[in-house]
Amino acid sequence: MSSFMLDNGLEVVVIPDHRAPVATQMIWYKVGSADETPGKSGIAHFLEHLMFKGTKTHPEGEFSAVVAELGGSENAFTSSDYTAYFQRIAKEHLKTVMSFEADRMENLVLSDDVVAPERKVILEERAMRVDNDPGSRLSETMNAVLYANNSGYSIPIIGWEKEMEGLTTEDAIAFYDKYYTPNNAVLVIAGDVSADEVKALAEETYGKVARRAEPSPRTRDPEPPLAGRRFVELSDERVKQPSVRDAWIVPSYTTAKPGEAETLDVLADILGGGATSRLYRQLVVTDKIATSAGSYYSSAQLGPTEFTVYGVPRDGVSLDDLREASQKVIAEIAKNGITDEELTRAKRKVLADAIYAQDSQSTLARIFGRTLTTGGDIADVQEWPARISKVTADDVQKAAQTYLDANRSVTAYLTGKPAEDGNKS
């Protein structure tokens with residue numbers, strides 16, 4: 001693995017993988033929904049769609065058609081902190097897709113004729129993915145409550161409907177001109193390539209793209225722990241399976257103290273990472289009050305992030321009772337800690353998952369791209385296994401005590417009908 005910087009400020013990472021004559025290109029822009037101007041929510045995701053609308057030199061659809069004709073695949077995605085585009089292609093066609101991607105970094109052409117229909121597309125996407133999905137609507141509301149201090153993470157990545165309706169061609173062009181510049185991007189090439197090959201191709205393609213903007217260093221406001229518990233509930237007749245979630249603001253890998261994020265990764269596995277986890281064994285196997293239960297740590301954000309515990313009750317079990325039982329499991333770790341066996345198993349599993357990820361070019365490229373666009377560097381990726389290995393049982397207990405206070409969470413209930421009185425205890 002190696003990296004270098006082009007004269008125009010584009011950072012390039014090369015991940016050799018010679019098992020097959022295939023290459024994956026990913027271009028990551030350091031901009032996402034949390035960087036949007038107030039009132040313009042959804043513009044980052046909207047621009048992701050519009051990037052496929054053609055350039056001065058290549059009409060709409062040509063890039064995708066060429067990728068398909070060459071037997072490759074492509075996609076794009078937007079998050080709170082980054083926007084990325086990628087293609088997987090036979091090695092001999094890498095220069096072709098690099099040329100196309102470099103071209104649309106500076107030559108995108110937008111007009112009302114192409115923007116207006118695509119605005120309808122993203123509104124339909126929101127209706128399908130969010131408005132018609134009770135679980136997604138609850139997540140949207142939960143984030144708006146959890147991130148209450150203007151860090152930007154309360155904004156839905158797809159945008160608020162009323163603001164999406166007002167997005168214009170001028171908005172998209174201004175966003176593109178401000179953020180889609182080589183000095184605000186990271187190019188990751190993984191596959192059957194060498195650093196010298198990629199450097200020559202990158203200089204020939206991306207190296208010709210002018211540095212046309214100077215985005216300011218990004219910051220995310222801190223999110224202090226909630227002063228008390230918050231509660232949200234969504235009732236929808238389409239919900240066939242009620243569920244409960246609790247979420248807490250915790251540090252991300254970018255904002256955590258040394259070793260703290262790694263500890264949260266291990267805690268998430270011990271608490272709710274599968275059939276051997278504390279939550280599953282207690283709530284599903286022993287108490288038989290849940291059909292599923294678990295936890296996860298959303299580790300990769302430029303600013304603060306969240307730790308979430310969830311459960312689905314068996315028939316006849318109330319969400320109140322299930323939440324109370326899950327909080328007892330957390331409290332037990334906070335009070336009495338974990339066993340050496342649990343710690344060893346969790347660290348082994350977390351590290352194994354990372355090793356398995358190396359079997360996929362695109363997953364490796366995602367790991368590096370995500371890290372480099374959320375405040376980390378290459379060393380953070382390379383040294384991560386050693387840092388996981390250093391997590392102790394005391395660290396895990398302290399993290400549970402520090403961050404998973406039952407009285408400082410946002411609790412969310414998803415039900416199929418209005419809750420009965422007293423359901424918010």
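What percentage of the 425 residues in the protein chain is buried? In this predicted model, buried residues account for 52% of the chain. The fold comprises 16 helices and 11 strands. The radius of gyration is 23 Å, close to the 22 Å that the globule rule gives for 425 residues, so the chain is as compact as a globular protein of that length. The C-alpha trace spans about 65 × 45 × 40 Å along its principal axes. Of the contacts with a separation of 6 or more, 82% are made by residues 24 or more positions apart.

The surface and the charges were examined next. About 19000 Å² of the protein chain is exposed, and 50% of this area is supplied by carbon and sulfur atoms. There are 47 positive and 65 negative side chains, and the centres of the two sets lie 4 Å apart.

In soluble globular proteins, nonpolar side chains tend to be buried together. In the present model, the largest nonpolar core contains 50 residues, of which Ile27, Tyr180, Leu187 and Tyr206 touch the most other members. Helix 3 (residues 94–106) provides the largest share of this core, with six residues. A second, separate core has 42 residues, among them Leu267, Ala268, Leu271 and Ala393. With residues up to four places away in sequence not counted, Ile27 touches Leu10, Thr83, Ala84, Tyr85, Glu101, Met105, Ala185, Val186, Leu187 and Tyr206. Two of the core residues named above, Leu187 and Tyr206, are thus also contacts of Ile27.

Helix 10 covers residues 278–286, and its buried residues are Arg278, Leu279, Leu283 and Val284. An α-helix has 3.6 residues a turn, so residues three or four places apart point the same way. The buried residues of helix 10 pack against three other helices and two strands, namely helix 9 (260–272), helix 11 (319–336), helix 12 (340–357), strand 9 (290–297) and strand 10 (305–313).

The loops on either side of helix 10 were also considered. Gly274 lies in the loop between helix 9 and helix 10. Gly274 has a relative accessibility of 33% and counts as partly exposed. The C-alpha atom of Gly274 is separated by 8.5 Å from that of Ala293, 19 residues apart along the chain. After helix 10 comes Lys288, which lies in the loop between helix 10 and strand 9. Most residues other than glycine have a negative phi. Phi of Lys288, however, is positive, near 55°. Lys288 counts as exposed, at 53% relative accessibility, because the cut-off for that class is over 50%.

Gln361 lies in helix 13 (residues 361–372). Its relative accessible area is 7%, and Gln361 is classed as buried because this value is under 20%. Beyond its neighbours within four places in sequence, Gln361 is in contact with Asp17, Val22, Ala23, Thr24, Arg88, Ala190, Gly191 and Asp192. Gln361 and Thr96 are 265 residues apart along the chain, and their C-alpha atoms are separated by 19 Å.

Key:
Residues numbered from 1 in each chain as written. Predicted model: local features only at pLDDT ≥ 70, side-chain atom pairs only at ≥ 80, totals over all residues. Heavy atoms only, no water. Helix = DSSP H or I, 4+ residues; strand = E, 2+ residues; numbered from the N terminus. Rg over C-alpha atoms; globule rule 2.2 N^0.38 Å. Buried < 20%, exposed > 50% of the residue type's maximum accessible area, 1.4 Å probe, protein only. Contact = heavy atoms within 4.5 Å. Areas by Shrake-Rupley, 256 points an atom, 1.4 Å probe, with all protein chains shown as cover. Lys, Arg positive; Asp, Glu negative; His and termini not counted. Charge placed at Lys NZ, Arg CZ, Asp CG, Glu CD. Core = buried A, V, L, I, M, F, W, Y, C linked by side-chain atoms within 4.5 Å.
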